Amino acid sequence: MDTLSLLARYDRRLPRYTSYPTAVQFDARVNRDVHRRWLAAIPDGATASLYLHVPFCRSLCWFCGCNTSVMNSVTALERYATSVQAEIARVASAIGHRLPVRQIHWGGGTPTALPAPSMQAIDAALRRHFTINADTEIAIEIDPRTLPTTAESDLRALGIDRASLGVQDFSPAVQDAIGRHQSVAQTRHAALVARVAGACSINLDLVYGLPHQTVASLEATVESVLEIDPDRVALYGYAHVPWMQKRQQVIAEYDLPDAVARLAQQARAGTMLAEAGYSRIGLDHFAKPSDRMALACGTPALRRNFQGYTVDDADVLIGFGASAISALPQGYAQNATRTADYLASIEKAGFAIARGLALTEEDGLRRAIIERIMCDLAVDVARLAKNAGVDFATFDDVWPKLESLAMDGLIRRDGSVISVTEAGRPFLRHVASCFDAYLDPETARHASAI
C-alpha cells in the first residue's frame with residue numbers, strides 16, 4: 001500500500017505506551033495511604049530504580065510537553081530540594097528496609113537548574129536511605145544552553161554515568177519557531193563536559209515534526225549529531241497537545257509538517273543513523289552496537305518505562321518530586337503535578353500522591369504484551385497468557401483489529417505470534433493499541449502516532 005493510503009488509514013492520535021494502562025486512566029482512588037501500603041509490601045531482596053523530577057528550567061521552550069516552569073529564586077529552588085529530601089526519608093521509612101538501587105535518573109525540566117549544593121544534598125539523602133554502589137547507573141538530563149561553569153565538578157560529585165542532551169533540530173528557522181536557540185558548539189561542549197565528568201554514555205534527543213522543519217533541516221542536524229559521536233540517539237515525534245501544554249499555543253498548527261512530511265522526516269533520519277552504524281531499538285531509539293541497549297535488543301533485558309526504552313531491570317520504580325510516577329507491583333502512584341501542591345503536601349504530610357491506578361491481573365498481562373511489542377516488534381500472546389494464568393479467549397476481540405495491519409503488510413501473524421515488519425515499525429503504537437482495553441478512539445486526546 002502506498003504512503004498516502006497508509007496514512008489515510010492510520011493517521012491517528014495514540015498513547016506512547018511508556019506505561020499500561022496509561023496515565024489517562026489514573027484517578028484519586030490511589031492516594032498516599034494506598035501508596036504507603038504498597039511501599040510497605042516491597043519485599044527484602046527487591047531492587048529499585050529511582051527517578052527524581054526537577055520541574056524547573058531557566059526558560060521555557062514552546063514545543064516542550066514536560067512538567068516544568070521557570071524558577072530563578074534560589075530560595076524557592078532550595079525549598080523544593082528540601083521537600084524532595086523529606087519525601088525520600090518518608091518513602092524509605094514506609095518501605096522499612098534498605099533497597100539496593102540499580103539506576104538513578106535525574107529528569108526534568110533541567111535538573112542542573114537546582115543549585116549544586118541542593119543536588120548534592122538530595123544525592124546524600126538517597127545514599128542515607130538506599131544502597132547505592134559502583135554498579136548503580138546514575139543518569140541525568142542536561143540542557144546544553146544553561147550548563148553551569150562548575151558543571152564538570154558538579155556532575156562528578158553526583159557520580160553520573162550517563163547524560164542525555166536535548167538537541168531537537170539545529171536549524172535556526174526551527175529554533176526560532178520553538179523558542180529554543182542552541183548551537184552545535186554548545187552541544188558539543190556539553191557532551192565533552194559530561195564525558196570528562198565521568199559519563200561513559202551520551203544520549204542526544206532529536207525531534208521530528210517541528211514547525212518549519214524539513215527533511216533537509218533534519219538531515220543537517222543528524223550530520224552534526226554524528227560528529228558529536230553519541231552512544232545513543234532518540235528520535236521522537238513532536239507531540240502537539242496545546243490543550244495540555246498552554247505554551248504550545250504559541251506554535252501555529254499551519255507551520256507544522258503534515259503526516260506525510262512527518263513520516264518522511266522520521267524515515268530519513270532513521271536511515272541516516274542506521275547507515276552510520278547505529279542499531280535500531282524499538283520505535284524511536286538508536287544505539288551503537290556495543291551499547292548495553294543494543295546488546296539487550298531482542299531479549300527480555302530491553303524494557304520500556306516512563307523514561308522510554310531502558311535496560312533497567314529493577315523490581316520497582318520509585319519517583320520523587322512533583323508529577324513523578326512510581327511503578328510498583330500493585331500499580332502506579334503519581335505525585336501532585338503542580339509544584340505548589342507538591343510542596344504543600346510534602347510539608348504537611350510527607351507524601352504527595354494525588355492519583356494512580358491499581359493493576360488487575362488482566363492489566364498486567366496486557367502491559368507485558370504491549371511492552372514486548374514496543375521492544376521486540378514481536379510477541380507470543382498465547383505464551384504470555386498461559387504464563388499469567390489468563391484465558392487466551394480474553395483476546396478474541398483483538399484479532400479482528402489486527403487484520404487490516406496484516407493486510408497492509410505492517411504485521412505478520414502466525415497463530416498467536418505477532419511480528420511487526422520493518423515497514424510496520426513506524427506503526428508500532430497502532431499495533432500496541434489493539435491490546436489497549438481502555439482506549440476509546442472517539443474521545444482519547446493523545447499526540448499523533450506518526
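Reader: What makes the sulfur of cysteine 375 too far from the closest cysteine sulfur for a bond?

Author: This is a predicted model, and in it the closest cysteine sulfur to that of cysteine 375 belongs to cysteine 297, 8.6 Å away. A disulfide needs the two sulfur atoms within 2.5 Å, so the pair is too far apart for a bond.

Reader: And why is cysteine 375 called buried?

Author: Its relative accessible area is 1%. Buried means under 20%, so cysteine 375 is buried.

Reader: How many disulfides does the structure hold?

Author: Zero. Cysteine 61, for one, is in no disulfide: the nearest cysteine sulfur, in cysteine 64, sits 6.3 Å away, and the cut-off is 2.5 Å.

Reader: Is cysteine 61 buried or exposed, and how do you know?

Author: Buried. The relative accessibility of cysteine 61 is 7%, and the limit for buried is under 20%, so cysteine 61 counts as buried.

Reader: On to the helices. Why is α7 called roughly parallel to α8?

Author: Helix α7 (residues 184-196) packs with helix α8 (residues 215-228) at an angle of about 30°, their axes 10 Å apart. Angles under 35 degrees count as roughly parallel, so that label fits α7 and α8. The crossing of α7 past α8 is right-handed.

Reader: Which residues in α7 and α8 meet?

Author: From α7 come Val184, Thr187, Arg188, Ala191 and Arg195, and from α8 come Ser224, Glu227 and Ile228. Sorted by class, the contact has three nonpolar, two polar and three charged residues.

Terms used:
Residues are numbered from 1 along each chain as its sequence is written. This is a predicted model: local features need pLDDT of at least 70, side-chain atom pairs count only at pLDDT 80 or more; totals for chains, interfaces and linings use all residues. Side-chain values use heavy atoms; hydrogens and water are left out. Axes are lines fitted to C-alpha atoms, for helices over the stretch in contact, and angles run from 0 to 180 degrees between N-to-C directions. Helices (H or I, at least four residues) and strands (E, at least two) are DSSP runs, numbered from the N terminus. Angles under 35 degrees count as roughly parallel, over 145 as roughly antiparallel, 65 to 115 as roughly perpendicular and the rest as oblique. A crossing is left-handed if the near helix is turned anticlockwise from the far one by less than a right angle, and right-handed if clockwise. Contact means heavy atoms within 4.5 Å. Ala, Val, Leu, Ile, Met, Phe, Trp, Tyr, Cys and Pro count as nonpolar, Asp, Glu, Lys and Arg as charged, and the others, Gly among them, as polar. Buried means under 20% relative accessible area, exposed over 50%, partly exposed in between (1.4 Å probe, protein chains only).
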